[in-house]
Amino acid sequence: MKKVLGPVAIIIIILGVFALLFIPKYNSLVTAEENVDSKWAQVENQLQRRYDLIPNLVESVKGYAKHEQEVIASITEARAQLGNAQTPEQQAIANDALNGALGRLLVVVENYPNLKADANFRQLMDELAGTENRLAVAREDYNNEVQGFNKIVKRFPGNVVAGMFGFEQKEYFKAAAGAEKAPAVDFSDSGKQ
């Protein structure tokens, strides 16, 4: 009987050590993944806020810039693309397209001084600017959480636990190619009213 209890005790001790090492690591992975998901929800929240503001902004511009339909159409298309995006990668691509379309809109607005002076348009632009700032903060918070999660997934013993339970690295919300260049805005007097 004593010969059987010795190996059983060793197995129990090994399982106990395993549990002491891996259960807390598993729990930290679950917590870190929930934090990443929570921060991504904040990014989506700000994307939705901007998505909701854009139709009002487009309607404000339509009244002044009836012949600028190409820009308005590109904003509408980019907004629809963002609304249909499902994954973080798709949302990042759609966000880049929308940023480009909004940049073209701002160039158009420069040609319409009366539009820039319109109180409704100014309020919408202020709200959009505030949303862009909140979106930048949400993206930064998300990327910080992704970094923390990915560190856990890559380091030992987290990598072992992550592999055992199917935890995979998360993608960062990345800037669009060419985002390091400031957009060119022409403030020359074009005489449009």
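Helices here are DSSP runs of H or I with at least four residues, numbered from the N terminus. The model is predicted, and its protein chain contains six helices and zero strands. Read along the sequence, the pattern is α-α-α-α-α-α. Of the 193 residues in the chain, 30% are buried. Among contacts between residues at least 6 apart in sequence, 76% join residues at least 24 apart.

Helix H1 is a convenient place to start. Lys25 is found in helix H1, and Arg50 has its place in H1 as well, within residues 2-64. The two residues have their own surroundings and are taken in turn.

Lys25 has a relative accessible area of 24%, so it is classed as partly exposed; the cut-off for buried is under 20%. Leaving out residues up to four places away in sequence, Lys25 touches Ile152, Pro157, Gly158 and Val161. One of these partners, Ile152, is 127 residues from Lys25 in sequence, while the C-alpha atoms of the pair are 8.4 Å apart in space.

Arg50 counts as buried because its relative accessibility is 0%. Its contacts, again not counting residues up to four places away, are Leu82, Asn95, Leu98, Asn99, Leu102, Leu128, Thr131, Glu132 and Leu135. Several of these names return below. Leu82 is one of the buried residues of H2, and Asn95, Leu98 and Leu102 are among the buried residues of H3.

Helix H2 covers residues 69-84, which is 16 residues. From its first C-alpha to its last it reaches 22 Å, close to the 22 Å expected at 1.5 Å a residue. Which residues of H2 are buried? They are Val71, Ile72, Ser74, Ile75, Ala78 and Leu82. Seen down the axis of H2, these buried residues fall within an arc of 160°, so they line one face of the helix. Glu70, Glu77 and Asn84 lie on the other side of H2 and are exposed.

Arg79 is also found in helix H2. Not counting residues up to four places away in sequence, Arg79 touches Tyr51, Ile54, Pro55 and Leu98. The C-alpha atoms of Arg79 and Ala97 are separated by 8.5 Å, with their positions 18 residues apart along the chain. Leu98 is thus a partner of Arg79 and of Arg50.

Helix H3 runs over residues 88-109 and has 22 residues. At 1.5 Å a residue it should span 32 Å, and its end C-alpha atoms are 31 Å apart, which agrees. The buried residues of H3 are Gln91, Ala92, Ala94, Asn95, Leu98, Ala101, Leu102, Leu105, Val108 and Val109.

Helix H5 comprises residues 119-154. Two of its residues can be followed individually. Leu124 is found in helix H5 and is buried, with a relative accessible area of 9%. Not counting residues up to four places away in sequence, Leu124 touches Leu53, Asn56, Leu57 and Ser60. Ser60 is 64 residues from Leu124 along the chain, and their C-alpha atoms are separated by 8.8 Å.

Asn143 lies in H5 too. Is Asn143 buried or exposed? At 18% relative accessibility it counts as buried, since the cut-off is under 20%. Leaving aside its neighbours within four places in sequence, Asn143 is in contact with Tyr172 and Phe173.

The last stop is the junction of H5 with helix H6, which covers residues 158-165. The axes of H5 and H6 come within 5 Å and cross at roughly 90°. That makes H5 roughly perpendicular to H6. On the H5 side the contact is made by Ile152, Val153 and Lys154, and on the H6 side by Gly158, Asn159 and Ala162. By class, the contact has three nonpolar, two polar and one charged residues.

Pro157 is found in the loop between H5 and H6. Most peptide bonds are trans. The peptide bond from Phe156 to Pro157 is cis, with omega near 0°. This region also leads back to H1: Lys25 touches Pro157, along with Ile152 and Gly158, and Ile152 and Gly158 themselves take part in the contact of H5 with H6.

Definitions and conventions: Residues numbered from 1 in each chain as written. Predicted model: local features only at pLDDT ≥ 70, side-chain atom pairs only at ≥ 80, totals over all residues. Heavy atoms only, no water. Helix = DSSP H or I, 4+ residues; strand = E, 2+ residues; numbered from the N terminus. Buried < 20%, exposed > 50% of the residue type's maximum accessible area, 1.4 Å probe, protein only. Contact = heavy atoms within 4.5 Å. Expected span 1.5 Å × (residues − 1). Arc of directions from axis to C-beta. Axes fitted to C-alpha atoms, helices over the stretch in contact; angles between N-to-C directions. Parallel < 35°, antiparallel > 145°, perpendicular 65-115°, else oblique. Nonpolar A, V, L, I, M, F, W, Y, C, P; charged D, E, K, R; others polar.
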